[in-house]
Amino acid sequence: QELLFNNGTISFQVAPSGAADSAISWTTAMTIDNAGDVTLSGGVYLGGTGAANKLDDYEEGLHSSTPSADTGTPTIAAAENDLGFVKIGNSVHINGQLGTCNTTGCTGALYVTMPFVSESLAERADYYFMNIVKGNAAASVSHFWLQNTGGSATFQVIAAKTDGSIDSNVAALMAAHGGFDLNISGTYRTT
């Protein structure tokens, strides 16, 4: 192990092996720069040393969602197609509004993409749902939700009707009603 100080940056370097009087191949395991930012080459173990305790990923950003339907080409207004996300470990937190969705000329189901592929798990633990509290009175929809059964970055939009029924053919249902919004907030797991 070696500790280097270079122009305000501290580097912690490690080597898997080496012998006296021979070249050692060093790998930087962690750096702390002069702004105080820490960079790790691996992860951080929290509350234990098992794989379940390792936090090895953090990311935040915007995802430009793409709609699709069983047939036809749905659209989302270009200035209203971004969803914000924060990924901590394998949990993805999503929020935003997909505005002015239009399914004119489409039939069947409506789908929207998320930034990461959802994790496939056993025993239906990979059934992901995100509620969309805003509905559409003209189409007798009390609210929508997104669902995914694991292994895909594409979530299906489902409509809960005001009469208590469920309609999974949202592209067809909304085709005659012009633009509508999908206000999304939820969490799902990724690999």
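Contact, in this tour, means heavy atoms within 4.5 Å. Keep that in mind as you click through the structure, which is a predicted model.

**Stop 1: Gly-186**

Start by selecting Gly-186, which sits in strand β16, residues 180–189. Which residues does Gly-186 touch, leaving aside its neighbours within four places in sequence? Show Val-92, His-93, Ile-94 and Met-130, and you have them. Gly-186 has a relative accessibility of 19% and therefore counts as buried, since the cut-off for buried is under 20%. Now add Tyr-128 to the selection: 58 residues separate Tyr-128 from Gly-186 in sequence, yet their C-alpha atoms are 9.3 Å apart in space.

**Stop 2: the sheet around β16**

Widen the view to the sheet that holds β16. Four strands make up this open sheet, and their order is β7-β9-β10-β16, with antiparallel pairing. Why do β7 (58–64) and β16 each have one side without a neighbour in the sheet? Both strands stand at the edges, each with a single partner strand, so nothing in the sheet flanks the other side. From one strand to the next, the twist averages 10 degrees.

Next, colour β10, residues 91–101, together with β16: the two pair in the antiparallel sense over 9 bridges. For one place to zoom in, pick Cys-101, which stands opposite Phe-180 in β16.

**Stop 3: the salt bridges**

How many salt bridges does a search of the whole structure find? There are 3, and you can visit them in turn.

Select Lys-87 and Asp-57 to begin. Their side chains meet in a salt bridge, at 2.2 Å from N to O. Lys-87 belongs to strand β9 (residues 82–88) and Asp-57 to the loop between β6 (54–55) and β7, so the pair ties together parts that are 30 residues apart in sequence. Is Lys-87 buried or exposed? With a relative accessible area of 5%, Lys-87 is buried, whereas Asp-57, at 26% relative accessibility, counts as partly exposed.

Move on to Glu-119 and Arg-189. This salt bridge has its closest N and O atoms 3.1 Å apart. Glu-119 is in the loop between β11 (107–113) and β12 (128–132), while Arg-189 is in strand β16, so you will be looking at distant parts of the chain, 70 residues apart. Glu-119 counts as buried at 16% relative accessibility, and Arg-189 is partly exposed, its relative accessible area being 34%.

Then pick Lys-134 and Asp-181, another salt bridge, where 3.2 Å separates the closest N and O atoms. Here too the pair links distant parts of the chain: Lys-134 lies in the loop between β12 and β13, Asp-181 in strand β16, and they are 47 residues apart. Lys-134 counts as partly exposed at 37% relative accessibility, but Asp-181 is buried, with a relative accessible area of 19%.

**Stop 4: Asn-148**

Select Asn-148 in strand β13, which covers residues 141–148. Asn-148 counts as buried, with 5% relative accessibility. Which residues surround Asn-148, if you do not count those up to four places away in sequence? Asn-148 touches Ser-118, Asp-126, Tyr-127, Tyr-128, Thr-154 and Phe-155. You met Tyr-128 at the first stop, as a partner in the distance from Gly-186. Look as well at Gly-150, whose backbone nitrogen lies 2.5 Å from a polar atom of the Asn-148 side chain.

**Stop 5: Asp-167**

Now go to Asp-167, in strand β15, residues 166–167. The Asp-167 side chain reaches the backbone nitrogen of Asn-169 at 2.8 Å. Among residues beyond four places away in sequence, Asp-167 touches Ile-158, Ala-159, Lys-161 and Leu-173. To get a sense of distance across the model, draw a line from Asp-167 to Ile-24: their C-alpha atoms are separated by 64 Å, with the two positions 143 residues apart along the chain.

**Stop 6: the sheet of β1 to β4**

Finish with another open sheet, where 4 strands run in the order β1-β2-β3-β4 with antiparallel pairing. The edges are β1 (2–6) and β4 (38–40), each with a single partner strand, so one side of each has no neighbour in the sheet. On average, neighbouring strands here are turned by 25 degrees against each other, direction ignored.

Zoom in on β1 and β2, residues 9–14: these antiparallel strands are joined by 5 bridges. Select Leu-3 and look across to β2, where Phe-12 is its bridge partner.

Terms used. Residues are numbered from 1 along each chain as its sequence is written. This is a predicted model: local features need pLDDT of at least 70, side-chain atom pairs count only at pLDDT 80 or more; totals for chains, interfaces and linings use all residues. Side-chain values use heavy atoms; hydrogens and water are left out. Buried means under 20% relative accessible area, exposed over 50%, partly exposed in between (1.4 Å probe, protein chains only). A polar contact is a pair of N or O atoms within 3.5 Å; within protein, one must be able to donate a hydrogen and the other to accept it, and residues adjacent in sequence count only if both atoms are side-chain atoms. Two strands pair if DSSP finds at least two bridges between them. Axes are lines fitted to C-alpha atoms, for helices over the stretch in contact, and angles run from 0 to 180 degrees between N-to-C directions. A salt bridge is a side-chain nitrogen of Lys or Arg within 4 Å of a carboxyl oxygen of Asp or Glu.
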